[in-house]
Amino acid sequence: MLYNETFHLSIPTCVSILPEERAMSFTLDLGAKAPDFSLPATDGKTYSLADFAEARTLVVFFTCNHCPYVLGSDETTRRTVKRFAPKGVRFVGINSNSEATHPEDDFEHMVARMKEHDFPWVYLRDKGQDVAKAYGALRTPHFFVFDTDRKLVYTGRGVDNPKEADKMTVNDLSNALEDVVAGRSLRVSLTNPIGCNVKWEGQDAHWMPPEACDLVLPKKK
């Protein structure tokens, strides 16, 4: 199914044989280990998972330079980073978008954006899109929260209205991090990310992998 980035609920819902009301044929499953990476950053360094070994909790999120859902929620993400940094939480942003689709998503624009906004996270370029595929990134933004053992404990949206964050009613990312750092079970481990679809190289701007699907199935009526 083609996806129009004006809307965020247009990808297929997969049929799950599991008892949980979820299906994750493309996206990294809960409990899975964080895939490693080696990617260049806007600060001139190259980073892998090992560079964040000191973090008690690691948040990897797929983002970009142009998407209105990213632009609308970056300052909310900034506040979340600052709130949880003293508790050992690190954030890593990854831009996997094809610059052929959106030239403003290239590395030079990433560097300029970080210089302008001074975001408190490392910003990496996944030009080959291998990392996006390994994690199963669906949209920008799409958050993945890993515990001390680097097992996935939360994935999905940051907030329920990223395009207009001043109108949000739920901050699922903040809730998840509160639970993780407190050592308790998460209130919610899965949500559907809200945003623009990842722009895949060589594909139409609205294309999504055929195996990509919503992480949370609609509730049965």
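In the predicted model, Cys64 is buried, with a relative accessible area of 0%. The closest cysteine sulfur to that of Cys64 belongs to Cys67 and lies 5.0 Å away, which is too far for a bond; the cut-off for a disulfide is a sulfur pair within 2.5 Å. Cys67 is instead engaged with Cys196, the two forming a disulfide in which the sulfur atoms are 2.2 Å apart, and a search of the whole structure finds one such link. The geometry of the link between Cys67 and Cys196 is right-handed, with 90° about the S-S bond. Because Cys67 lies in the loop between β3 and α1 (68-71) whereas Cys196 belongs to strand β9 (residues 196-197), the pair ties together parts that are 129 residues apart in sequence. Cys67 counts as buried at 0% relative accessibility, and Cys196 is likewise buried, with a relative accessible area of 0%.

The secondary structure of the protein comprises five helices and nine strands, and these elements follow one another along the sequence in the pattern β-β-β-α-α-β-α-β-α-β-β-β-α-β. Of the 221 residues in the protein, 54% are buried. The exposed surface comes to about 10,300 Å², of which carbon and sulfur atoms supply 53%. When contacts between residues at least 6 apart in sequence are considered, 77% of them join residues at least 24 apart.

Strand pairing around β4 was examined next. Strands β3 and β4 run parallel and are joined by seven bridges, with Val60 standing opposite Val92 in β4. A parallel arrangement is also found for β4 and β5, which are joined by four bridges; here Ile94 has Leu124 in β5 as its bridge partner. Six of the seven residues of β4 are buried, so this strand is largely enclosed by the rest of the structure.

In soluble globular proteins, nonpolar side chains tend to be buried together. The largest nonpolar core of the model has 30 residues, and the members that touch the most others are Phe37, Phe62, Ile94, Leu124, Tyr135 and Phe146. At least two residues of this core are supplied by each of β3, β4 (89-95), β5 (122-125), α4 and β7. Apart from this core lies another, which has 21 residues, among them Val153, Tyr154, Leu173 and Val181. Within the largest core, the surroundings of Tyr135 were followed in detail: with neighbours within four places in sequence left aside, Tyr135 is in contact with Thr27, Leu28, Ala34, Pro35, Phe37, Leu49, Val60, Phe62, Phe144 and Phe146.

Aromatic side chains were then considered as ring pairs, of which the structure holds 10. The ring centres of Phe62 and Phe144 are 5.8 Å apart and the ring planes meet at 80°, so the pair is edge-to-face. Since Phe62 lies in strand β3 (residues 57-63) and Phe144 in strand β7 (residues 142-146), so that the pair ties together parts that are 82 residues apart in sequence, the two rings connect separate strands. Both Phe62 and Phe144 are buried. An edge-to-face arrangement is also found for Tyr135 and Phe146, with 6.0 Å from centre to centre and 85° between the planes. Tyr135 lies in helix α4 (residues 130-135) and Phe146 in strand β7, so this pair ties together parts that are 11 residues apart in sequence. Tyr135 and Phe146 are both buried. In addition, one aromatic cluster is formed by Phe61, Phe91, Phe119, Trp121 and Phe143.

Finally, Ser48 was located in the loop between β2 (46-47) and β3. Ser48 is buried, with a relative accessible area of 18%, a value under the 20% that serves as the cut-off for burial. With residues up to four places away in sequence not counted, Ser48 touches Asp36 and Phe37, and Phe37 is itself among the residues of the largest nonpolar core that touch the most other members.

How values were computed: Residues are numbered from 1 along each chain as its sequence is written. This is a predicted model: local features need pLDDT of at least 70, side-chain atom pairs count only at pLDDT 80 or more; totals for chains, interfaces and linings use all residues. Side-chain values use heavy atoms; hydrogens and water are left out. Rings of Phe, Tyr and Trp (its six-membered ring) pair if their centres lie within 6.5 Å; planes under 30 degrees apart count as stacked, over 60 as edge-to-face and the rest as tilted. Buried means under 20% relative accessible area, exposed over 50%, partly exposed in between (1.4 Å probe, protein chains only). Contact means heavy atoms within 4.5 Å. Accessible areas come from the Shrake-Rupley method with a 1.4 Å probe; for residues, only the protein chains shown count as cover. A nonpolar core is a set of buried Ala, Val, Leu, Ile, Met, Phe, Trp, Tyr and Cys residues joined through side-chain atoms within 4.5 Å. Two strands pair if DSSP finds at least two bridges between them.
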